[in-house]
Amino acid sequence: MAEEKQKPKKKGKVYKMSNVYDIDGNSIKTKNKKCPKCKVFMANHNDRWTCGKCGYTEMK
Ligand SMILES: [Zn+2]
């Protein structure tokens, strides 16, 4: 059986989508927009923001 490496868990809410954060080198930016409906962080895409909860999309 292969052992799964346990990643250190951070306190706070855990988001399913890994693209909630912009990982730039060793620094993690959390300046994402928030969904006007759900108040959750939106996923940062190249040309748009999308909410993973309700599907709200905002073009940049
Ligand atoms: Zn939403």
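Which pattern does the protein chain follow when read along the sequence? The pattern is β-β-β-β-β.

## Overall picture

This is a predicted model. The protein chain has five strands and zero helices. Few side chains are packed away: of its 60 residues, 7% count as buried.

Contacts between distant parts of the sequence can be put as a share. Take the contacts in the protein chain with a separation of 6 or more. Residues 24 or more positions apart account for 10% of them.

## Confidence

The mean pLDDT of the protein chain is 76. Of its residues, 53% reach 70 or more.

Confidence varies from element to element. Strand β5, residues 57-59, has the highest mean pLDDT among the elements, at 94. The lowest belongs to β2, at 55.

## The sheet

Three strands form an open sheet in the order β3-β4-β5, with antiparallel pairing. Its edge strands are β3 and β5, and each of these pairs on one side only.

The pairing of β4 with β5 can be followed in more detail. Strand β4 covers residues 48-50. It pairs with β5 in the antiparallel sense, over three bridges. Within this part of the sheet, Arg48 stands opposite Met59 in β5.

## The loop between β2 and β3

Strand β2 spans 27-29 and β3 spans 43-44. The loop between them holds Lys39. Phe41 is found in that loop as well.

Are these two residues buried or exposed? Lys39 is exposed, because 9 other C-beta atoms lie within 10 Å and the cut-off for exposed is 12 or fewer. Phe41 counts as buried, because it has 22 C-beta neighbours inside 10 Å and the cut-off for buried is 20 or more.

Each residue has a further feature to check in the structure. Lys39 has a positive phi of about 65°, although Lys39 is not a glycine. Phe41 can be located relative to Gly52: the two are eleven residues apart in sequence. In space, they are 8.4 Å apart, C-alpha to C-alpha.

## Summary

The chain has five strands and zero helices, and β3, β4 and β5 make up an open sheet with antiparallel pairing. In the loop between β2 and β3, Lys39 is exposed, whereas Phe41 is buried. Confidence should be read element by element, with β2 lowest and β5 highest in mean pLDDT.

Key
Residues numbered from 1 in each chain as written. Predicted model: local features only at pLDDT ≥ 70, side-chain atom pairs only at ≥ 80, totals over all residues. Helix = DSSP H or I, 4+ residues; strand = E, 2+ residues; numbered from the N terminus. Contact = placed C-beta atoms within 7 Å. pLDDT = per-residue confidence, 0-100. Pairing = 2+ DSSP bridges.
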